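Work through the exercises below with the structure open beside the text. Each task is followed by a solution in steps.

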Amino acid sequence: MLRVPISKARSGMVLALPIYHPNQPARALLRSGVTLEARTILRLRENGVRIVYVRYPGLELLDSFIDPKLIEERAGLTQAITAGFEEVARTAVAPRDFDQYRRRVAALLERITNNRRAALFVDELAEASDPLLEHSASVCFLALLLGIELESYLVRERPRLSPQIASDPAPLGLAGLLHDIGVAALDPEVRQRFDETGDETDPAWREHTRLGYELIRNEVETSVAAAVLNHHQHWDGSGFPTHRQYGRPPISPAGSKIHVFSRVICAADLFNRLRREPSNAENAGEGTSRGVCVPVVRA
C-alpha cells in the first residue's frame with residue numbers, strides 16, 4: 001500500500017483502501033480494489049479528495065494495519081459531528097443529539113480495543129473538507145488511544161471515582177470530539193485569522209473555550225465540559241482561560257490542579273496541530289511549543 005497525492009495518481013493504479021467523500025465522510029466514493037481511470041481521478045479531484053492509497057509491490061505488510069470497519073467508524077464519527085458543528089456556526093446554539101456523539105465514540109472505542117494494531121494507522125487515513133471537523137475527530141481518536149494507555153494514571157488522578165468509572169476512556173474521547181466546538185461559533189474572520197497565523201494570543205480566538213463550554217455544559221458530564229473549557233491550560237500555569245477568585249486576581253490553574261481530561265486533550269490537540277499544520281506551529285512561536293504535556297506523558 002502506498003500513499004499517493006491525488007495530483008500524482010495515474011490510470012491503472014488499484015485502490016488499496018476505499019475513498020470517502022470529504023464533505024460526507026461516511027459516504028464511500030470508491031471501494032478498495034477499483035482500478036483508477038483518468039476520468040475517475042478527475043472526479044475525485046473535483047470532489048476535493050486529496051489523498052488515495054494504492055496497492056504497491058513489497059508493501060503488503062501494511063495491510064495488517066488496516067481494519068475497514070475501524071475506518072468506517074472513524075468516518076462515521078466525522079459525519080456525525082458535521083451537522084452539529086454546522087448548526088453551531090449558523091445559530092450559535094448547541095447541537096441537539098449528544099447521545100449520537102456518545103454512541104459514535106463508544107463504537108469507535110470498541111473497535112480500537114478489538115484491533116489495537118490497526119488503530120496505530122487509521123487516523124492517517126482520515127480526511128474531511130473542513131479542517132475543524134478533521135481536527136476534532138482526530139483529537140477524539142488520539143484521546144481514546146491515550147486513555148487506553150493511561151488507564152492506571154486516570155484511576156490515580158480520579159480517586160473519588162471507582163476504578164471502573166475513572167478508567168473509562170469514552171468520556172475522554174467525547175471531550176476530544178467536542179473540545180473545539182466553540183471554534184464553530186466564532187466569527188469567520190477570527191477563524192480565518194487563526195488558520196493563517198496560528199496566533200494563540202488572539203483574545204477573540206481564545207474565547208472559543210468559553211463559548212464551547214457554554215454550549216455543552218448542560219448536555220454532557222461535568223468532566224467533559226471542564227475539559228472543553230480548560231484544554232488550553234498549561235502545566236506551568238500559563239494557559240487560558242483565567243478563572244476568577246474571590247478577592248484575588250484571576251489565575252489559570254497549573255499542574256495537577258488541571259483536570260486530567262484537560263491535560264490529555266491538551267496533549268492530543270497540540271500533537272495533532274503540530275503534525276497537521278506545521279506552518280501554524282512555526283508562526284505561533286514559543287507560545288505554541290511549550291512543554292505543556294510532559295507530566296501526562298511521563299505518567
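The exercises cover helix packing, a hairpin, backbone exceptions and a salt bridge in this predicted model.

**Exercise 1.** Describe how helices α5 and α8 pack, and classify the residues of their contact.

Solution.
- Step 1: Take the geometry. Helix α5 spans residues 131–149 and helix α8 spans residues 170–178; their axes lie 7 Å apart at an angle of about 155 degrees.
- Step 2: Assign the orientation. Angles over 145 degrees count as roughly antiparallel. That makes α5 roughly antiparallel to α8.
- Step 3: Give the hand. α5 and α8 cross in a right-handed sense.
- Step 4: List the contact. α5 contributes S136, A137, V139, C140, A143, L144 and G147, and α8 contributes A170, L172, G173, G176 and L177.
- Step 5: Sort by class. The contact of α5 with α8 holds eight nonpolar and four polar residues, and no charged ones.

**Exercise 2.** Which residues of α2 and α5 make their contact, and at what angle do the axes cross?

Solution.
- Step 1: The axes of α2 and α5 come within 9 Å, crossing at roughly 130 degrees.
- Step 2: α2 and α5 are therefore oblique to each other.
- Step 3: The crossing of α2 and α5 is right-handed.
- Step 4: From α2 the contact takes R74, L77, T78, I81, T82 and F85; from α5 it takes L132, L133, E134, S136, A137, S138, C140 and F141.
- Step 5: By class, the contact of α2 with α5 has eight nonpolar, four polar and two charged residues.

**Exercise 3.** Characterise the contact of α8 with α13.

Solution.
- Step 1: Helix α13 covers residues 222–230, and its axis comes within 9 Å of that of α8, with a crossing of roughly 35 degrees.
- Step 2: The hand of the α8 and α13 crossing is right-handed.
- Step 3: P171, L174, A175 and L178 of α8 meet V224, A227 and V228 of α13.
- Step 4: The contact of α8 with α13 counts seven nonpolar residues, no polar and no charged.

**Exercise 4.** In what sense do β5 and β6 pair, and which residue of their hairpin takes a positive phi?

Solution.
- Step 1: Strand β5 (residues 243–245) pairs with strand β6 (residues 248–251) in the antiparallel sense, over two bridges.
- Step 2: Q245 has R248 in β6 as its bridge partner.
- Step 3: Two residues lie between the strands of the hairpin, and G247 has a positive phi near 75 degrees.

**Exercise 5.** Locate a cis peptide bond and a residue other than glycine with positive phi.

Solution.
- Step 1: Recall the background. Most peptide bonds are trans, and most residues other than glycine have a negative phi.
- Step 2: The bond joining F240 and P241 is cis, with omega about 0 degrees. P241 sits in the loop between α13 and β5.
- Step 3: A92 has a positive phi, near 60 degrees. A92 belongs to the loop between α2 (68–91) and α3 (98–114).

**Exercise 6.** How many salt bridges does the structure hold, and where do R43 and E46 lie?

Solution.
- Step 1: Recall the principle. Side chains of opposite charge can pair when their charged atoms come close.
- Step 2: The structure holds 14 salt bridges.
- Step 3: One joins the side chains of R43 and E46, at 3.8 Å from N to O. The cut-off for a salt bridge is within 4 Å.
- Step 4: Both R43 and E46 are in helix α1 (residues 38–46), three residues apart, about one turn of the helix.

Note on methods
Residues numbered from 1 in each chain as written. Predicted model: local features only at pLDDT ≥ 70, side-chain atom pairs only at ≥ 80, totals over all residues. Heavy atoms only, no water. Axes fitted to C-alpha atoms, helices over the stretch in contact; angles between N-to-C directions. Helix = DSSP H or I, 4+ residues; strand = E, 2+ residues; numbered from the N terminus. Parallel < 35°, antiparallel > 145°, perpendicular 65-115°, else oblique. Left-handed = near helix turned anticlockwise from the far one by under 90°. Contact = heavy atoms within 4.5 Å. Nonpolar A, V, L, I, M, F, W, Y, C, P; charged D, E, K, R; others polar. Pairing = 2+ DSSP bridges.
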